[in-house]
Amino acid sequence: MEEILRTKVKDLLETKAGGKVLAKGWVRTKRGNKEIAFIALNDGSTIKNIQIVVDKTPENEAILSKISTGACISVCGSLVESVGSGQSVEIHADKIEVYGECDPMRYPLQKKDTTFEYLRTVAHMRPRTNTFGAVLRLRSQMAYAIHEYFHSKGFVYLNTPLITASDCEGAGQMFQVTTLDLNDVPKNKKGQPDFSKDFFGKQASLTVSGQLEGELGATALGEIYTFGPTFRAENSNTPRHLAEFWMIEPEMAFYDINDNMNLAEDFIKHLVKYALDNCRDDIQFLNDRYDPELISRLEGVVGTEFVRLEYTEGVRILEEAIKNGEKFEYPVYWGVDLQSEHERYLVEKHFGKPVILTGYPKDIKAFYMKQDPDGKTVRAMDVLFPKIGEIIGGSERESDLGKLEARIDELKMSRKNLEWYIDTRRFGSCPHSGFGLGFERLLLFITGMQNIRDVIPFPRTPKNCEY
């Protein structure tokens, strides 16, 4: 007898009725009457389940008694046309094998406990829910789309270090990496930890960004991008912050700020369109279940030209809004670092479309950004999206050696660990630009989810490091 190979549920649902098939997966629901049982089976390949029809023969009754929601089974049977609505085919079971039973009294995914807050406490099981299955498939598809986009543009994928001795942002909120015995830390003559005895012989941390190393690649290879995990030891419990998150950071030689903005807009439109074209079932589910404006919001991004707005003009618009009765929690004035509420007002209420904000005050931006001739502003850019606020941050980089060194000194930054970076301005400096896209911020927009902890498989936040 010819062996029947397993077919994924996604492919079964697109197959014409007829012939024997083999499906394997987890039971979503089981129901029925005295004569027939109906099992909804899902294997993670699609948001949709395939219905298994089982005749209640004495032999099958013994098997059915072991099957409950969450159980893992194998089903061999005939693929037939479905008489019910919602799917074109179903499997009439000939043989069922139970791989793993599931105690319904202890199974943590009960219908009464499906809040996102509860599911975060059982993050090891939540991928089995429809919602998180959809989110994780979208996450995978978006990762592929990112690589596909840059590959099609001729960018080089560069792996920048996760362990670093430099602080890209200068904020100091970094996780330290050490092999020193914390119960007996060696001290130097000043009574400080003696990092010369540590594994790397110096103080090391987990990276907050691959940008600085990415610039090294761009000034040799032309156009590069990084895509990897980054870390920030910020004691924040907001719905927009994680301690471990993923960043996409392209760096491009010979790009000015306008080239940078054009690439950012094209890049994010490509990703949103890819999601709409290739992940429709999952997006439709999230649209129907949680956010009825999700699809129209995504389509709106693809089909509109982003607004280019100077920071100074943005502040003027916000100040005018306050005069007209708009209430903000945080103050607005020239020189302030705009908050999410300010960014969202510009995007959602004033313009009704994404905004790229440029020309920020020098004092609220990083040392490496290109200074404008006025000495007050830098060629920074933030892409602001509805529901999210800032989704991309970037700039033209300062290519002038003297200005870069002066800015580092002005900020009283240690040059000890930055000489290698400054070398890119000493030896064949060139105009160059880049930006960073927070992967989880992108996924918040694509999925319509409200909390960043719900778009990453295992969130790392203050006092939370399970698994």
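The legends below describe several close-up views of one predicted model.

In this predicted model, local features need pLDDT of at least 70 and side-chain atom pairs count only at pLDDT 80 or more, whereas totals for chains, interfaces and linings use all residues. Residues are numbered from 1 along each chain as its sequence is written, and side-chain values use heavy atoms, with hydrogens and water left out.

**View 1. The open sheet of 8 strands and its edges.**
The strands, which like the helices are DSSP runs numbered from the N terminus (helices: H or I, at least four residues; strands: E, at least two), follow the order E6-E10-E11-E16-E15-E14-E13-E12 with mixed pairing; two strands are said to pair if DSSP finds at least two bridges between them. Strand E6 (156-157) and strand E12 (307-310) stand at the edges, each with a single partner strand, so one side of each is left without a neighbour in the sheet. Within this sheet, strand E14 (residues 377-385) and strand E15 (residues 389-396) pair in the antiparallel sense over 6 bridges, and alanine 380 stands opposite serine 395 in E15.

**View 2. Helices H4 and H6 against the sheet.**
Helix H4 (residues 130-152) lies across E6, strand E10 (223-231) and strand E11 (244-253), and runs at about 155° to E10; such angles, from 0 to 180 degrees between N-to-C directions, are taken between lines fitted to C-alpha atoms, for helices over the stretch in contact. Helix H6 (residues 257-278) packs on the sheet and touches E11, E12, E13, E14, E15 and strand E16 (432-438), its direction making about 30° with that of E16, where contact means heavy atoms within 4.5 Å.

**View 3. Antiparallel pairing of strands E1, E4 and E5.**
Strand E1 (residues 20-32) pairs with strand E4 (residues 72-81) in the antiparallel sense over 7 bridges, and the bridge partner of alanine 23 in E4 is valine 75. E4 also pairs with strand E5 (residues 89-100), again in the antiparallel sense, over 10 bridges, with serine 78 opposite histidine 92 in E5.

**View 4. An open sheet of 3 strands.**
Here the order is E7-E9-E8 and the pairing is antiparallel, while the edge strands, E7 (163-164) and E8 (176-177), each pair on one side only. E7 and strand E9 (residues 204-206) are joined over 2 bridges, and threonine 164 stands opposite serine 205 in E9.

**View 5. Aromatic pairs and a charge over a ring.**
Rings of Phe, Tyr and Trp (its six-membered ring) pair if their centres lie within 6.5 Å, and planes under 30 degrees apart count as stacked, over 60 as edge-to-face and the rest as tilted; by this rule the count comes to 22 aromatic pairs. One of them is the edge-to-face pair of phenylalanine 199 and phenylalanine 200, at 4.9 Å centre to centre with 80° between the planes. Tyrosine 311 and tyrosine 360 form a tilted pair, at 5.3 Å and 40°; because tyrosine 311 lies in helix H9 (residues 311-323) and tyrosine 360 in strand E13 (residues 355-361), the pair ties together parts that are 49 residues apart in sequence. Both tyrosine 311 and tyrosine 360 are buried (under 20% relative accessible area, with exposed over 50% and partly exposed in between; 1.4 Å probe, protein chains only). Lysine 365 lies over the face of tyrosine 360, at 4.2 Å from the ring centre, by the rule that NZ of Lys or CZ of Arg is within 6 Å of the ring centre and within 35 degrees of the ring normal.

**View 6. Salt bridges between distant parts of the chain.**
A salt bridge is a side-chain nitrogen of Lys or Arg within 4 Å of a carboxyl oxygen of Asp or Glu, and the count comes to 31 salt bridges. Aspartate 281 forms one with lysine 48, the closest N and O atoms being 3.8 Å apart, and this pair links helix H7 (residues 280-289) to the loop between strand E2 (36-42) and strand E3 (50-55), 233 residues apart. The side chains of aspartate 282 and arginine 137 meet at 3.0 Å, N to O, linking helix H7 with helix H4 across 145 residues. Aspartate 282 counts as buried at 8% relative accessibility, as does arginine 137 at 18%.
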